[in-house]
Amino acid sequence: MAERLNSEHLDDLIALMRGDGYRVIGPTIRDEAIVYDELRSAADLPWGFTDQQGPGRYRLQRRPDRAAFGYVVGPHSWKRFLFPPREQLVRIRRGSDSPQWTAATDDGPGLALLGVRACELAAIAIQDRVFMGGPFVDGRYRVRRERCLIIAVNCTEAGELCFCDSMDTGPEVQGDYDLRMTELGTELVLDAGSARGRELLERLPSRPAEDSVADRAQAAIERCRRSMGRRLDTRDLPARLMGNLDHPRYQDVADRCLACGNCTSVCPTCFCFTISDTSGVTDGEAGRERSWDSCFGAEHSTIHGAQFRPDVRSRYQQWLTHKLATWTAQFGTSGCVGCGRCIAWCPVGIDLTVEASTIAAGAGDPVPLPPVQSYAPRAGDGLVPVPARVLEVHRETHDVVNLVLQAPAGYAPEHGQFNMLSLPAIGDVPMSISGSGDGVLEHTLRSVGNATRALAGLREGAVVGLRGPFGKPWPLEQAVGRHLVLIAGGIGLAPLRSAVRETVQRPKDFPNVRILYGTRSPDDIIYDRELLGWIQASHLRAHVTVDRGDRSWSGNIGVVTKLMRRKHTPRSGLYFLCGPEIMMRYALAELDRLGIPAEHIYLSLERNMKCAVGICGRCQYGPHFVCKDGPVFRYDQIASIFGKVGF
Ligand SMILES: Cc1cc2nc3c(=O)[nH]c(=O)nc-3n(C[C@H](O)[C@H](O)[C@H](O)COP(=O)(O)OP(=O)(O)OC[C@H]3O[C@@H](n4cnc5c(N)ncnc54)[C@H](O)[C@@H]3O)c2cc1C
Ligand code: SF4
Ligand code: SF4
Ligand code: FES
């Protein structure tokens, strides 16, 4: 049942919420814009102001009336309160024996969000799926959401850039609100969407709204819907965009785009963040914090000293296809709610509705996206390391070290999964599990930079931070009774090693295993003693090749594809590949030439990772997150994007 309330009683509403202990956040004027900030009373609201918007343009203007909610949306969205631009994730205390990592909690008051638009409520629901719908639930986000009170407002006037109607997110507020209001002149028509909202409404001096008043409110929303000039044709949009990745319009946008990342920071759904370690002010204290990141930044896609998205064209393509296409495969919804912020706040006025429509209308055949994956929920948020003591350190080559760690209690990884290893004030890096069992686990790491150098320099007795195990494993059980061919390049043998060991334990299940291993030089061969043992096993054949031999080397010389002879590569076999991407590309081409079906091939991918739990966006690979959907992928599932610039 709707109620009506004079707008002057907004002051009572704010006072009630503040009295209940909420920090009330709502629209207010600052720096010539309507932003969201703490409200102390209704006097802070933007009474009588509106916003005029266009591509690359935002202007505050006076209205002829004294509406409190007579604007559309400004540069802020609610995401800055539920997912702050910068926040501490972990506190690190360096004890005398071992560092301790503990979750940094949010002990602040509950938030009352006043003036949430329909599109913004849809954006919050999208971020709920990102932060709370995967295998791990982000603890800080969940606490804020559970404590948050939402006072939503229906839109009765559309801005020039609004297109929520075509995204099915507005202008009428739907979904998870506590109170919903429609502003009609000097009055508000309200209804409650939750017990908390009903309880709040009962304490306000409202009175029942007659049917005619409720009808007027509904008519105002419908007028707003009809007046919305901007549209985006969403029919089959994800498949049409994915079918037109080579559209020349991308270069046209790249020629105008400044790659400033404004679009991602104003967007209410963009969730990418980076994680960095900080040193504490006091001795013995350090921390780990996250801060918003943008797919337009170079570091977002940096790996192996190169960038997977090396130019503005590929970064814009990532942005557009993520928002409007691959997001649907990741979260079952579009990543755009039609708020228009990215158009208004783009300094050169790039308009996503125009660009997406142009590109989607290209001549490419639609490419369907995979269905959304579901995950078994796991305990904790996966972001807080546990201590793991180094039991042994073995030098494998001049730059590769094998660390044997004491496994945390109950730790049971699967072959091909990975951990995040960290040291205080240095950061954490993804590392495949190269062995596990009997209370220990192993990591074989090549020292290439800051973190791996520090890890490689550890001595017995040192303690590292460990998060994991993460990711999808090799499907080893599918290989029972079949030929299994493992193709590795360089350090790529590490993620395969525990699977090889399992086949050594169970030779009857795996009677035909073949390892094809290529490395730079004889000195770069890892696990050399273990390799000799494997070669002697009756069920297993190992072939090694090096790029450059030396006087002591009488074996194969050349790249790993040279080992891929027909007799080593039966069509019915199962193939696991791991190594540098360029090596895997050549190996895949050779497997294709040998007639091996793509469904029989699995490969382990690497991408830039920060969270490892599917929420920081760093490891995106088209519709997939390498950390939770991979790192092991079946080739046919990624064949359309593997090796393509931009992914
Ligand atoms: C799922 C997964 C499993 C991995 N398993 C292993 C493993 O078993 N053994 C191993 O030695 N390495 C592994 N890596 C690579 C390892 O994570 C990187 O070498 C490490 O992150 C580099 O960090 P750094 O601080 O030492 O180097 P940085 O200072 O960050 O960088 C030094 C160099 O390494 C490159 N680099 C940075 N991050 C990565 C990355 N994620 N992958 C590859 N290169 C990177 C940089 O571009 C730069 O050229 C794995 C990566 C992933 C994603
Ligand atoms: S992509 Fe643009 S229009 Fe869509 S939700 Fe983000 S900021 Fe709003
Ligand atoms: S990758 Fe997606 S979520 Fe991350 S900044 Fe880009 S568009 Fe936003
Ligand atoms: S989403 Fe954060 S590393 Fe995969």
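A search of the whole structure, which is a predicted model, finds 22 aromatic pairs. A pair of aromatic rings is described by the distance of the centres and the angle of the planes. In the pair formed by Trp78 and Phe81, the ring centres lie 6.5 Å apart and the planes meet at 50°, so this pair is tilted. Planes under 30 degrees apart would count as stacked and those over 60 as edge-to-face. Both partners, Trp78 and Phe81, are buried.

A further tilted pair involves Phe296 and Tyr316: the planes stand at 55° with the centres 6.4 Å apart, so the tilted class applies here as well. Phe296 belongs to the loop between strand E14 (285–292) and strand E15 (302–303), while Tyr316 is part of helix H11 (residues 312–331), so the pair ties together parts that are 20 residues apart in sequence. Phe296 and Tyr316 are both buried.

Ring pairs also build a cluster, whose members are Phe83, Phe131, Tyr141, Phe273 and Trp292. One of these rings, Phe273, has Arg290 over its face, at 4.7 Å from the ring centre. A second arginine, Arg117, lies over the face of Tyr71, with a distance of 4.8 Å to the ring centre.

**Ligand surroundings**

Helix H11 returns in the description of ligand 3. The residues around ligand 3 are Thr264, Cys270, Phe271, Cys272, Cys295, Gln318, Trp319, His322, Lys323, Trp327 and Gln620. H11 provides five residues, the largest share of this shell. In terms of residue class, the shell around ligand 3 consists of six nonpolar, four polar and one charged residues.

Which residues are the closest to ligand 2? Among the 13 residues that surround ligand 2, they are Cys267, Cys336, Cys339, Gly340 and Cys342. Two elements, H11 and helix H12 (341–344), give two or more residues to the shell around ligand 2. By class, nine residues of the ligand 2 shell are nonpolar, two are polar and two are charged.

**The second largest pocket**

The second largest pocket has a computed volume of about 490 Å³. Its lining comprises 31 residues, of which Arg63, Asp65, Ala67, Gly70 and Glu157 are the closest to the centre. Strand E4 (49–54), strand E10 (179–184) and helix H7 (211–227) are the elements that give two or more residues to the lining of the second largest pocket. The most comes from E4, which gives four residues. The lining of the second largest pocket divides into ten nonpolar, eleven polar and ten charged residues.

The class composition of these surroundings is set out below.

| Site | Nonpolar | Polar | Charged |
|---|---|---|---|
| Shell around ligand 3 | six residues | four residues | one residue |
| Shell around ligand 2 | nine residues | two residues | two residues |
| Lining of the second largest pocket | ten residues | eleven residues | ten residues |

**Backbone features**

A cis peptide bond joins Gly170 to Pro171, with omega at about 5°. Pro171 is placed in the loop between helix H5 (164–167) and E10. E10 is also one of the elements that contribute to the lining of the second largest pocket. Another cis peptide bond connects Gly630 with Pro631, where omega is about 5°. In this case the proline, Pro631, sits in the loop between helix H18 (626–629) and strand E32 (632–634).

Positive phi values occur at two alanines. Ala259, a residue other than glycine, has a positive phi near 55°. Ala259 is found in the loop between helix H9 (249–256) and helix H10 (262–266). Ala612 is likewise not a glycine, yet its phi is positive at about 70°. The position of Ala612 is in the loop between E29 and strand E30 (620–621).

Are these two alanines buried or exposed? Ala259 has a relative accessibility of 25%, and therefore counts as partly exposed. Ala612 has a relative accessibility of 3%, so this residue counts as buried. The cut-off behind this reasoning is that buried means under 20% relative accessible area.

**Pro597**

Pro597 lies in the loop between helix H17 (581–593) and strand E29 (601–604). With a relative accessible area of 28%, Pro597 is partly exposed. Pro597 is separated from Val645 by 48 residues in sequence, and the C-alpha to C-alpha distance between Pro597 and Val645 is 24 Å.

Notes:
Residues numbered from 1 in each chain as written. Chains lettered and ligands numbered in written order. Predicted model: local features only at pLDDT ≥ 70, side-chain atom pairs only at ≥ 80, totals over all residues. Heavy atoms only, no water. Phe/Tyr/Trp six-rings, centres within 6.5 Å; stacked < 30°, edge-to-face > 60°. Buried < 20%, exposed > 50% of the residue type's maximum accessible area, 1.4 Å probe, protein only. Lys NZ or Arg CZ within 6 Å of the ring centre and 35° of its normal. Near = heavy atom within 4 Å. Nonpolar A, V, L, I, M, F, W, Y, C, P; charged D, E, K, R; others polar. 1 Å grid on protein atoms, 1.4 Å probe; cavity = no way out; pocket = protein on both sides within 12 Å on 5 of 7 lines; lining within 4 Å. Points joined across faces, edges and corners; volume = space filled by probe spheres on them.
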